[in-house]
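Colleague: Please give me a close look at one part of this model, the surroundings of the ligand. I would like the contacts and then the backbone described with care.

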Amino acid sequence: MSVPTSRTKESARITVIEEKCDGCGKCVSICSDFCLELLNGKAHPSGKAVFGCIACGHCMAVCPEAAIEIHGRFLSPEDMFPLPGREQAANHEQLLALMQRRRSIRKYRNIPVEKEVIDRVLEAARSAPMGIPPTDVNIMILDSREKVRAFTEDFARYLEKVKWLTSGWFLALMRPFWGKATDEFFRGFMKPLVDKYLTDMKKGVNVITYDAPVALYFYGSPYCDPADSIIAATYAMLAAESLGLGTCMLGAIHPFIQNGKAATRFREKHGIHFKSREGLFVIMGYPKAEFLKGIRRN
Ligand SMILES: Cc1cc2nc3c(=O)[nH]c(=O)nc-3n(C[C@H](O)[C@H](O)[C@H](O)COP(=O)(O)O)c2cc1C
């Protein structure tokens, strides 16, 4: 058996280089799907795995002799790199300070974010965990204020056409299906939000993406765990913070571009490959304001 994703439907291949294997068994004990076993003092693929090798790479990463090679599912031995030392990793105080200093930033200085900085944000996002490897998270990258603006203007034109989704009659129709909480949420938040988005955009004020210099849209495929894109977005957000950028997550675009023919056309136009259960925009740029106080949340 192998676990299907949008990118591959095959299991990875496990090769043990017998001359190198010293039979320590670390690979056997780390594999949670029993892909490996020890036979006559050497590791061997067991053929007993329930899911087949999903290419998590743990066996390669713990083998002190480099005796295991995984190929397939977008993984090969060349993808391994030496781990940064413990002393190089942020300690708890540093990580907590980074997290506590973060605020949602909605006003940005009118300067671009350098390509190298965006690349470092993406490199951090690449280290996010995922339900099943290889990651099925996709990222639409808008790397200039002009691109963010153009996307947002097109989204506003699209929203104008589908704003009936927040109309009184549609909400009344849907209430028995999606329940009281969703009904209240739509009436109390989504409907006024859509109205505000559209009236402000007509005045040239962008409260959808705040004219940020960068917007990254994280979304999954129909196969992946819905949480994957949100986790990758969170990694990107924290990495951006560590690079001196201000960030804001935006949840309101994703749900509007999922269902119906117009949504499909909109996604195709913007190179968004999949409809997906969850997705999130993270906007970023150099912040205009400096916060002086944190907020202790309960
Ligand atoms: C999943 C998610 C979606 C969000 N969507 C939006 C949004 O569409 N627009 C916006 O201005 N802020 C959005 N935010 C930012 C929140 O409003 C913000 O995190 C909250 O007000 C707390 O402020 P803080 O982040 O500065 O602590 C979102 C945050 C999250 C986590």
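Modeller: A polar contact here is a pair of N or O atoms within 3.5 Å. This is a predicted model, in which local features need pLDDT of at least 70 and side-chain atom pairs count only at pLDDT 80 or more, while totals for chains, interfaces and linings use all residues. Residues are numbered from 1 along each chain as its sequence is written, and side-chain values use heavy atoms, with hydrogens and water left out.

Three arginines make polar contacts with oxygen atoms of the ligand: an N or O atom in the side chain of Arg102 is 2.9 Å from one, Arg103 places a polar side-chain atom 3.0 Å from one, and for Arg297 the corresponding distance is 2.8 Å. On its own the ligand has 610 Å² of accessible area (Shrake-Rupley method, 1.4 Å probe), and the protein covers 60% of that area.

The shell around the ligand, taken as residues with a heavy atom within 4 Å of it, is formed by Arg102, Arg103, Ser104, Arg106, Tyr210, Cys248, Met249, Leu250, Gly251, Ala252, Leu280 and Arg297. Strand 7 (residues 246–250) supplies the largest share of this shell, with three residues; strands are DSSP runs of E with at least two residues, helices are runs of H or I with at least four, and both are numbered from the N terminus. By class, the shell holds six nonpolar, two polar and four charged residues, where Ala, Val, Leu, Ile, Met, Phe, Trp, Tyr, Cys and Pro count as nonpolar, Asp, Glu, Lys and Arg as charged, and the others, Gly among them, as polar.

Among these shell residues, Tyr210 also deserves a look at its backbone. Tyr210 sits in the loop that joins helix 6 (168–202) to strand 6 (214–219), and its phi is near 55 degrees, a positive value in a residue other than glycine. Most residues other than glycine have a negative phi, and most peptide bonds are trans. On the second of these points, the peptide bond from Pro133 to Pro134 may be added, which is cis with omega near -5 degrees; Pro134 belongs to the loop between helix 4 (115–125) and strand 5 (138–142).

Note on methods:
A polar contact is a pair of N or O atoms within 3.5 Å; within protein, one must be able to donate a hydrogen and the other to accept it, and residues adjacent in sequence count only if both atoms are side-chain atoms.
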